[in-house]
Amino acid sequence: MRRYILIVYAGMLLSACHSKKLPSDKRNNAIASADVIIASPRNISNIVEANGTVVANEYVQLHPEASGRITYLNVPEGVFVNQGTIIARINDADLQAQLSKSKVQLELAVKTEERLKKLLAINGINQADYDSALNQLQSIQTDIAYYQALIDKTVVKAPFSGTVGLRLVSIGAYVTPADVIASIQQLNTLKIDFTLPESYGTLVHKGNVVSVELDATDTIKQRATIVAVEPQANTITRNLKVRATLQNTKTHPGSFVKVYIDAGENKHAIMVPTNALIPNDQNNQVVILKNGRAKFVSVETGIRQAANVEITKGISEGDSVLVTGVLFARPDAVIKVNSVKTL
């Protein structure tokens, strides 16, 4: 009786194991399904987009050249000032006293030199005495020039005509050359700095015109003229830095802009959705159907749009390219086509 029960139990286990294998076998035999797109050439606009930043034509932070207490402060925030306008003065009482002392000494040294010069002409003194007096005169003149230079450093002036920014110090504050009093920017002409992959370097030359979109709500793009291209590409990103000028605009420096560069005439190109690409370390791949089976092919890409990318090499007109289920496709696997999509 016990032996009979063991045999029945063993049979039940074998039956259970066999029943568990069936779903796995069914999964292995299941045919994957996906949507495809038929590769065909189409007209595309050959416009290259780049991100840029608005930069003031001239911009400086106003630092004092000398340390001391501010005795005069003229920072008209947000107001246009002319070149040479005095922005601030640092206490220069000690330097002014030294300058006055040197000027008094200069008067005496001039009279002494003139008197000794006349005596030298009639051999009343020797040459050494006159040379000493002349040297004293020139030394005092040098001291006056030195003190005047130090006094000039206590005056902060606008280096160019522009709009003054926010005041960062108050009158009576003790400042050093490391402190910023305010900033000044020249806004009548603005610069647009943007980067571009080095492969597009032939499109940007001094004098070329690009279109600039200052705001996503603007319907009219403005024209900017390229004034310079950085000679060396960035060694990390391999991008070129380009600068263009923009006239008569109210955009604030630091704003984000879109730059559009015409890369030539429209052309026929094979386009596929960007989600059809399988990127890896060396190249990009797409999955195409050959006789109902998946085949992975390496491709080269060209112009990129918002949702599509140009395929310049790797697939031909008429190829069926998988656009869904790409990540689940396996080489040489049978693929069932659900539908044929269009761009």
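Helices (H or I, at least four residues) and strands (E, at least two) are DSSP runs, numbered from the N terminus. With that in hand, let's work through some exercises.

A word on the ground rules: this is a predicted model, where local features need pLDDT of at least 70 and side-chain atom pairs count only at pLDDT 80 or more, while totals for chains, interfaces and linings use all residues. Residues are numbered from 1 along each chain as its sequence is written, and side-chain values use heavy atoms, with hydrogens and water left out.

**Exercise 1. Place Arg 238 and Asn 123, and describe their backbone.**

Step 1: Find Arg 238 in the loop between strand E12 (222-229) and E13.
Step 2: Check its phi. Arg 238 has a positive value near 60 degrees, and it's a residue other than glycine.
Step 3: Look at exposure, where buried means under 20% relative accessible area, exposed over 50%, and partly exposed in between (1.4 Å probe, protein chains only). Arg 238 is partly exposed, because its relative accessibility is 46%.
Step 4: Now go to Asn 123, in the loop between helix H2 (93-121) and helix H3 (127-153). Asn 123 isn't a glycine either, yet its phi is positive, at about 60 degrees.
Step 5: Asn 123 counts as exposed, because its relative accessible area is 69%.

**Exercise 2. Sum up the chain as a whole.**

Step 1: Count the elements: the chain has three helices and 21 strands.
Step 2: Of the 343 residues, 33% are buried.
Step 3: Turn to contacts (heavy atoms within 4.5 Å). Take those with a separation of 6 or more: 74% of them come from residues 24 or more positions apart.
Step 4: For the surface, accessible areas come from the Shrake-Rupley method with a 1.4 Å probe, and for residues only the protein chains shown count as cover. The chain exposes about 21800 Å², with carbon and sulfur atoms supplying 51% of that.

**Exercise 3. List the salt bridges and say what each one ties together.**

Step 1: Start from the general idea: side chains of opposite charge can pair when their charged atoms come close.
Step 2: Apply the cut-off: a side-chain nitrogen of Lys or Arg within 4 Å of a carboxyl oxygen of Asp or Glu. That gives three salt bridges.
Step 3: Glu 49 and Lys 258 meet at 3.7 Å, N to O. Glu 49 sits in strand E3 (residues 47-62) and Lys 258 in strand E14 (residues 256-262), so this pair ties together parts 209 residues apart in sequence.
Step 4: Asp 193 bridges to Arg 243, with the closest N and O atoms 2.8 Å apart. Because Asp 193 is in strand E10 (residues 182-197) and Arg 243 in strand E13 (residues 239-247), the parts joined here are 50 residues apart in sequence. Asp 193 is buried at 11% relative accessibility, whereas Arg 243 is partly exposed at 30%.
Step 5: Lys 290 and Asp 319 make a bridge at 3.8 Å, N to O. Lys 290 belongs to strand E17 (residues 284-290) and Asp 319 to the loop between strand E19 (308-313) and E20, so the linked parts lie 29 residues apart in sequence. Asp 319 is buried, with a relative accessible area of 14%, but Lys 290 is partly exposed at 40%.

**Exercise 4. Work out what surrounds Ala 88.**

Step 1: Locate Ala 88 in strand E6 (residues 86-90).
Step 2: Ala 88 is buried, because its relative accessible area is 0%.
Step 3: Leave out residues up to four places away in sequence, and Ala 88 touches Tyr 72, Leu 73, Thr 154, Val 155, Val 156 and Ile 181.
Step 4: His 63 is 25 residues from Ala 88 along the chain, and their C-alpha atoms are separated by 9.9 Å.

**Exercise 5. Do the same for Ser 320.**

Step 1: Ser 320 is in strand E20 (residues 320-322).
Step 2: With a relative accessible area of 18%, Ser 320 is buried.
Step 3: Not counting residues up to four places away in sequence, its contacts are Val 36, Ile 37, Ile 38, Val 287, Ile 288 and Leu 289.
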